[in-house]
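Subject: Structure handover and notes on side-chain contacts

Dear colleague,

I am passing on the structure we spoke about, so that you can keep it open while reading the notes that follow. Please go through them at your own pace.

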Amino acid sequence: MGKLLNVLFVGHNGFKQFRDDTRLPSLDFAEIDIDPHSRRFEGKSIKVAATLTFSAFAAGKFIVFRGFINGEEKTVLHDFTEEISDISCNTKHCLILLKTGEIYQFSVMRNQLILLNFLSTENNSAEKDFVTHISCGETKNIAVTRQGAIYDIPSKIHQFEKHVKIQKISCGHEHAVLLTKNGDVYSWGNGLRGQLGHGDLEGHTEPQLIEALSGIKIVDIAAGGWHSAAVSAFGDLYTWGWNVSGQLGISVSNPSLPTANFTPVVYSIPEIIDLPRDGDDDLNAQFKVTAVSCGNQHTFIKTECRRALSSGHNKFGQLGIKKSSKKIFEDSFSIVREDSADCSIICGTYCTIWIMPRL
């Protein structure tokens, strides 16, 4: 009673954003307590986003926020007149995209919901433009329109050519990564930790093609706090950026030293990651990746053979690794679950959410 039976979480729960019965992190995937609103989610496709202090669950025309809101721990519900298409959160607010293209912003600090109206009127096209994709970072709030306009809300920062169609947008704390339908990857924002993938530590104010991935058809992308990842049509995983906790799936330098005493390695060009092999040494036995999701300092991947693997920061158990360990990070990908087919994996700041096919 009160549980989202097909939605599980692992990791940070310090503000009771997932369960009311404890503040302790969940070290294994556990059901989410959303009483008394759970019945409103039954039989519906669920969208989830989570930060350090609160979580958001949307289905149909309504959304539920749980956690530290307006100075106290509470649950807040909002109903809309139209279906919710997507949600994305940072520590201050949540963006809610409706299927009509309208965007609302819910401020968790003020417990306030407002409509954002920022689309430029400079386009004289007879066909009205509208927002199709959104993503929040700590310093960026990106909206993408059907006609290829990119907004760092409220300012328009770029206009793609008409032939460029956008597939996905993902934001880290200070950067954004964008995937087009023909498999090209662009990035912009702060690049000081190599998270843009352009081979340097420079920043960019508008989308720049990642040349290292040019010619490789990319089918999925994700941006973490200060790292990024991409999956190719061949099932290869590429990661780049900050590797302080092994979130790239690459060994951390000097792991025997205290964290404060070693310098994390920065990878400014996408690196192809050598993943475990599926049972033998045959080249074809290496896992083929189908999807990727990134949290603040951790990364999850799904494979063609139904497995889910994770790497990175694990202080709150967000990697879903059941084995007991005093290590607060893992710097190589290891299998977490064997049943990831048809499931969605969403990495929050210090947690991971597992959405199974709806009941």
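Is Glu 338 buried, partly exposed or exposed? With a relative accessible area of 46%, Glu 338 counts as partly exposed, because the buried class ends at 20% and the exposed class begins over 50%. Please bear in mind throughout that this is a predicted model.

Salt bridges

The structure holds nine salt bridges, and Glu 338 takes part in one of them, its side chain meeting that of Arg 307 at 2.9 Å from N to O. Arg 307 lies in the loop between strand 24 (298-303) and strand 25 (308-313), whereas Glu 338 lies in the loop between strand 26 (329-337) and strand 27, so the contact ties together parts that are 31 residues apart in sequence. Unlike its partly exposed partner, Arg 307 is buried, because its relative accessible area is 17%.

A salt bridge also joins the side chains of Asp 220 and Lys 168, at 2.7 Å from N to O. This pair links distant parts of the chain, with Asp 220 in strand 19 (residues 218-223) and Lys 168 in strand 15 (residues 166-171), 52 residues apart. Here the acidic residue, Asp 220, is buried, with a relative accessible area of 10%, while Lys 168 has a value of 27% and is therefore partly exposed.

Glu 72 and Lys 74 form a further salt bridge, in which the closest N and O atoms are 3.4 Å apart. Glu 72 is partly exposed at 43% relative accessibility, and Lys 74, at 23%, is partly exposed as well.

Aromatic contacts

The structure holds 12 aromatic pairs. In one of them, the rings of Phe 41 and Phe 62 have their centres 5.1 Å apart and their planes at 75°, so the arrangement is edge-to-face, the angle being over 60 degrees. The pair brings together distant parts of the chain, since Phe 41 belongs to the loop between strand 2 (26-33) and strand 3 (47-50) and Phe 62 to strand 5 (residues 62-69), 21 residues apart. Phe 41 is buried, with a relative accessible area of 3%, and Phe 62 is likewise buried, at 5%. Elsewhere, Phe 9, Phe 18 and Phe 57 form one aromatic cluster.

Which rings does Arg 193 lie over? Arg 193 lies over the face of Trp 226, at 4.5 Å from the ring centre, and its charged end also sits over the ring of Trp 242, 4.6 Å from the centre of that ring.

A hairpin

The loop that holds Glu 338 lies between strand 26 and strand 27, and strand 27 (residues 344-347) is itself worth describing. In a regular strand the side chains alternate between the two faces of the sheet. Along strand 27, Ile 345 and Cys 347 point to one face and are buried, whereas Ser 344 and Ile 346 point to the other face and are not buried. Strand 27 pairs in the antiparallel sense with strand 28 (residues 351-355) over four bridges, and the two strands form a hairpin with three residues between them. Within this pairing, Ser 344 stands opposite Ile 355 in strand 28.

With kind regards

How values were computed: Residues numbered from 1 in each chain as written. Predicted model: local features only at pLDDT ≥ 70, side-chain atom pairs only at ≥ 80, totals over all residues. Heavy atoms only, no water. Buried < 20%, exposed > 50% of the residue type's maximum accessible area, 1.4 Å probe, protein only. Pairing = 2+ DSSP bridges. Salt bridge = Lys/Arg side-chain N within 4 Å of Asp/Glu carboxyl O. Phe/Tyr/Trp six-rings, centres within 6.5 Å; stacked < 30°, edge-to-face > 60°. Lys NZ or Arg CZ within 6 Å of the ring centre and 35° of its normal.
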